[in-house]
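Please read this report beside the sequence and the coordinates. It goes from chain level to cores, helices and single residues.

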Amino acid sequence: MFDIVVIGGGHAGVEAAWISQQFGLKVAILSLPGIGLASTPCNPAVGGVGKGQVVREIDALGGLMGRLADLSAIQYRTLNESKGYAVQSTRVQVDKDAYSRNAEKIIAEETTIEVLRDKAVEIDREEGIFNITLESSIKIQSRRVIITAGTFLSGLLHTGEEKTSGGRTGCVPGPGLQALIKEIKLNPLRFKTGTPARLNKNSIDFSVMDPQESDEHSLNFHFAHEPKQRFLEQVSCYLSRTNEDTLGIIRSNKDRSPIFNGQIKGVGPRYCPSIEDKAFRYPDRNSHHVFVEPEGLETDSVYPNGISTSLPKEVQEAFIRTIPGLENAEILVHGYAVEYDVVDTTQLDRALEHTEVPGLFFAGQINGTSGYEEAAGQGLIAGLNASLGLVGRSKLHLKREESYIGVMVEDLVTQKRDEPYRLFTARNERRLFVREDNTFLRMAPYRLSLGLNTNLDQSLSLLVSEYEVVMNLLSSYRYRENQENREHFLTQGYGTFAPNITLSELLKRSFLDPVAVLTNELLRAGIVVDSRVVRTAAISNKYAGYIDRAKIDLDRVDRFENKKIDYTDLLKSSNISTECKQRISEVRPETFGQLKRIQGIRPATLATVAGNFN
Amino acid sequence: MEWLYSDDPIIACSTGQLENTAISVIRASGFDNLSIFQGFFDKNPEEFCPHRTIFCHLFDPANSSLVDQVVCTYFKGPNSYNGENILEISVHGNRFNVSRILSLFTASGRFRKAAPGEFTYRALKNKKLTLSQVEGLDLLLNASSGFALDQGLQVLCGEVNEKYIELQNRYLSLRSNFELNIDFVEDVGEDVADQKFREAFFQFESLVAELYKRVGANTSVLLKPEIVLYGAVNAGKSSLFNELLSTDRSIVSDIKGTTRDYVSEGLSFNSVEYSLIDTAGIRSTENDIESEGIKRGRKKIQNAFYKILVINPFEPPSKVDAIDDPDVVVFTHCDLANHEKEIERSEYKIFPYLKVSLSGPIEPEKSGPIEPEKSGPIEPEKSGPIEPEKSGPIEPKKGGPIEPEKSGPIEPKKSGPIEPAVLTKNQAFMQIMNLVSSKYSALIEDRPLLLERHADLIRTIAQKTDEFGKLLKEHDDLGIISSEINRLGVEVEELIGSLPPDQVLGNIFENFCIGK
């Protein structure tokens, strides 16, 4: 008997299992034979705008992804670097083999997790215990089950006219979700995603492309790593572009495109269109970026980012070879699209537990999200909450005002999704506060509440207390009127000297880089603090006024945001339409803010509820 | 406010019950189906066709006695005013008949009497109308001038409503184009994203400026414009007040003002309903100048649409005179000799003024008879564009005597200011009302927005837009800009409704080729 069985060994599954075993629970991962743990079947990159924040949140909560990403990174970038600290995000290209190898190694060496290379074919539940029948006819039992099956449930692959069952090219298909658990309600839409062909590095002429080098200043994800340490050799990515010939070939093969000839019924993400989508939806554009990204140091495979496709193989070859540098490109694996089942996430609660089937959790792409980071974040939440339940503690809900994971989970469970969900910073109302640099602060209270007795708490607490010391210093440290200080301002380019100006005020001067100035001033005063603390303190100080001001405005409108409501009362109310009631009963909002964000709810129901507060 | 939470069938008379009329319309709303009317008509209500009129007899279901001959129209939801099933019953409009019929329905237990505004509340609830539109409807129903009436309609379904929707669209565009700069730079390119954002801000800013022009002056005073008479106790306010109301044409209401602080009467002129207010209660004695009643009176004066300061030039200046700057000064007792000399000594001669005789027929002036049969509208001094920054009423342009249009030859100027004629009571009425009317016309020239909540929000939006424009010049930190865009959005949301992030993202995906 296991405490927790995780079905699926991808990013969500690994994260769920990793966090669960920290509670001393007996955990198994069911992973299909032939696929490594935490594999990266699409773009070999971790992080990105909004997603970098998620990786750091996972890391600060004790997850694995940040560590794996650092250990496997072969190129670093800080996105939006020139646009202010609040909107910066880290992204790394990873060596996909190393990433999976590191995951296997850490799971095998550092944990008691049992990895079963087998497939679940049936699950039933008796008296709160799940009985899982595996393909090898073995039956196992578990108190909790977390399904993280990605695109494997009733997965259907398309490459031109060819259709094969499966969740990924070269892999066996998984069973239909409802065959596993009959009570599960599916999203009425099937989703679709796609991936480009993989090319042989040796057949590419990189000399005609623009190189993008790794940024040595970007900071590692895992807080216990040296911020700028690199574990693998760093390589470049390259930029090329499609042209009229490329798009001409695609446009003349519309009838052979599974997306446009009706063969694919699933809904794909608009933010991650295939090259066919781009060709037909934007007929005026004849050039799109193609980022040529290495998939690893040892492999010859490269990932041409921007031309995901499900066109027939010969059409893929023809259009790829029109792209500068790819004239002689040899295709290692052809691109394909995959359609798959997703669950109706409005049936899940904020712990990602199914409301109709207690003890059953869902995380990752099966919940209709895209992206490794989104998957891992959900895996962490599902694993944490499954474990907390087993050790008799209350569930952990991250708030949307404080984390991207909180934004994502709430968006998923309160709204029916009509296309794959990806995190964008635009989804976050408090971007100025929910930043990469202050993740350790934002997550500290949650981390502490988990009560895991690891070194993590101690070292994170150290950062938090250093931060508090520095923040106190900022408001108390004043520059007295004297010749030395005047000269100091002059030589450092700090602008006009103002007698008794505080360090905090100085850092807010709009023409100064607060991080550089604070680093400089602490050095002058001989105070040694962790560089990340300096960074966070300087940035937090700069934004403090804006954050407060926005909070006042948002609170005015959202003064009921966190007001608890009892949705069952709403269901009994006679003045709420049946349609609204149905949405409410699906979403089960717990606060007024959540009610507000349900599609098709406002304004009358809101007026009703708000009126009831008084 | 129990009714906020109920969706019981309701009934009420929609055409008013103050007097007897030929027809009154009774409206029933919120029933599941027409079977609720079983027993009320000589025809089977369940066979009433939607959107057709049906002539029938109305019965008392208790004893099947005939009550009235009526015409019914059935509006089947959601294609009705408020989205619910509605039956409109046109009955004979005798007040007692209407009450009796309403009681029949409520006594049957199948209907509850609707609370005021409840039909419309349900329209709001069922998203037939937005909050702004409901406010427009309220303005339409309670307008006291043709202008207000028109604007009510424009807010409900016309030009103003379209402007608000356009403002929301431009804000959406602003947000979307801003987000390009953060989440989608790799897709659209840095220069394109920045340019798109600045264009979108320019578009938003120019619409805000356009709307702001329409809320500049204190426009809510135009809703029910008040003309206030103030001045010392013996200045002649009350007799001027009575004079202004003395003609039949001006009396529109017999409801007396009820407070002891002032007396108010309705007065209609050029299709605008004004309230004429005599602040008789304000006295300038040392003892009670700060009493509550006085404070209220002062406020009444300061907030009035049109302020008339009445002065007896033979009396010493009073404290009341100084409460606020008048739109016009009326010097009374100008039938008396030497009044010119007294006016010359008055500090209020710097405001536009009229000289009036209230005591009886007046002698024509020496300086030439101006006996305009109708003095006609005096040329309003050109007010020019209203400065939006000013919160108060427009400034009097310049002081001095107001020269009525002369029908006769223009008197050559000799020395000193032109001496205007002393006006009779009737002339004074026309003169004053023409001045009031000119001010009103000047103020509505820019089609000011009358609804105070809207005007306040637009002022705030304008102020925040202005701050935001400055911020853009000083900062290139997108985090800060983002935070301030959201603050702006909070206000736009209050005016029109919210824009969830999915809508912003959807807008981006529809307009840009996103995705690597």
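The text below describes a predicted model.

**Chain B overall**

Chain B carries 14 helices and 14 strands. Its length is 516 residues, and 40% of them count as buried. Among chain B contacts with a separation of 6 or more, 64% link residues 24 or more positions apart.

**Nonpolar cores**

The largest nonpolar core holds 249 residues. Which members touch the most others? They are A:Val6, A:Ile146, B:Ile227 and B:Ile308. A second core is separate and has 22 residues. A:Leu199, A:Leu247, A:Leu311 and A:Leu326 are included in this second core.

A:Ile146 deserves a separate look. Its contacts, leaving aside neighbours within four places in sequence, include A:Ile4, A:Val6 and A:Ala16. A:Phe361, A:Ala363, A:Ala382, A:Gly383 and A:Ala386 are also in contact with A:Ile146. One of these partners, A:Val6, is itself among the core members that touch the most others.

**Covered helices**

Helix H1 of chain A spans residues 11-21, and 11 of its 11 residues are buried. The buried set includes nonpolar side chains such as A:Val14, A:Trp18 and A:Ile19. It also includes A:His11, A:Glu15, A:Ser20 and A:Gln21. A:Ala16, one of the contacts of A:Ile146, is a buried residue of H1(A).

Helix H2 of chain B, residues 118-125, is mostly covered too, with seven of its eight residues buried. B:Phe119, B:Tyr121, B:Ala123 and B:Leu124 are among the buried residues. So are B:Glu118, B:Arg122 and B:Lys125, which count as charged. Just after H2(B), B:Lys127 adopts a positive phi of about 60 degrees.

**Two helix pairs in chain B**

Two packed helices are described by the angle between their axes and the distance between the axes. The table gives both values for two pairs.

| Pair | Residues | Angle | Axis distance |
|---|---|---|---|
| H7(B) and H12(B) | 190-213 and 452-474 | about 140 degrees | 9 Å |
| H4(B) and H5(B) | 146-157 and 159-183 | about 40 degrees | 4 Å |

Take H7(B) and H12(B). How many degrees lie between their axes? The angle is about 140 degrees, which makes H7(B) oblique to H12(B). Their crossing is left-handed. H7(B) contributes B:Glu205, B:Val208, B:Leu211 and B:Tyr212. These residues meet B:Ile458, B:Ile461, B:Ala462, B:Thr465 and B:Gly469 of H12(B). Six nonpolar, two polar and one charged residues make up this contact.

Now take H4(B) and H5(B). Their angle of about 40 degrees makes H4(B) oblique to H5(B). The crossing of H4(B) and H5(B) is right-handed. On the H4(B) side are B:Gln151, B:Gln154, B:Val155, B:Leu156 and B:Cys157. On the H5(B) side are B:Glu159, B:Val160 and B:Asn161. By class, the contact has four nonpolar, three polar and one charged residues.

**Backbone at single residues**

Where is the cis peptide bond? It joins B:Gly77 and B:Pro78, with omega about 0 degrees. B:Pro78 sits in the loop between strand S4 (65-75) and strand S5 (86-92) of chain B.

B:Gly77 can also be compared in position with B:Gly506. Their C-alpha atoms are separated by 31 Å, and the two residues are 429 residues apart along the chain. B:Gly506 belongs to helix H14 (residues 501-511) of chain B. B:Gly506 has 16 C-beta neighbours inside 10 Å, so this glycine counts as partly exposed.

A:Ser137 is not a glycine, yet has a positive phi of about 75 degrees. It lies in the loop between strand S8 (129-134) and strand S9 (139-147) of chain A. Is A:Ser137 buried or exposed? A:Ser137 is exposed, because its surroundings hold 8 other C-beta atoms within 10 Å.

B:Asn338, also not a glycine, has a positive phi of about 70 degrees. Its place is the loop between strand S11 (328-331) and helix H10 (339-345) of chain B. B:Asn338 has 9 C-beta neighbours inside 10 Å and therefore counts as exposed.

Notes
Residues are numbered from 1 along each chain as its sequence is written. Chains are lettered from A and ligands numbered from 1 in the order in which they are written. This is a predicted model: local features need pLDDT of at least 70, side-chain atom pairs count only at pLDDT 80 or more; totals for chains, interfaces and linings use all residues. A nonpolar core is a set of buried Ala, Val, Leu, Ile, Met, Phe, Trp, Tyr and Cys residues joined through C-beta atoms within 7 Å. A residue is buried if 20 or more other C-beta atoms lie within 10 Å of its own, exposed if 12 or fewer, and partly exposed in between; C-beta atoms are placed from the backbone. Two residues are in contact if their C-beta atoms, placed from the backbone, lie within 7 Å. Axes are lines fitted to C-alpha atoms, for helices over the stretch in contact, and angles run from 0 to 180 degrees between N-to-C directions. Helices (H or I, at least four residues) and strands (E, at least two) are DSSP runs, numbered from the N terminus. Angles under 35 degrees count as roughly parallel, over 145 as roughly antiparallel, 65 to 115 as roughly perpendicular and the rest as oblique. A crossing is left-handed if the near helix is turned anticlockwise from the far one by less than a right angle, and right-handed if clockwise.
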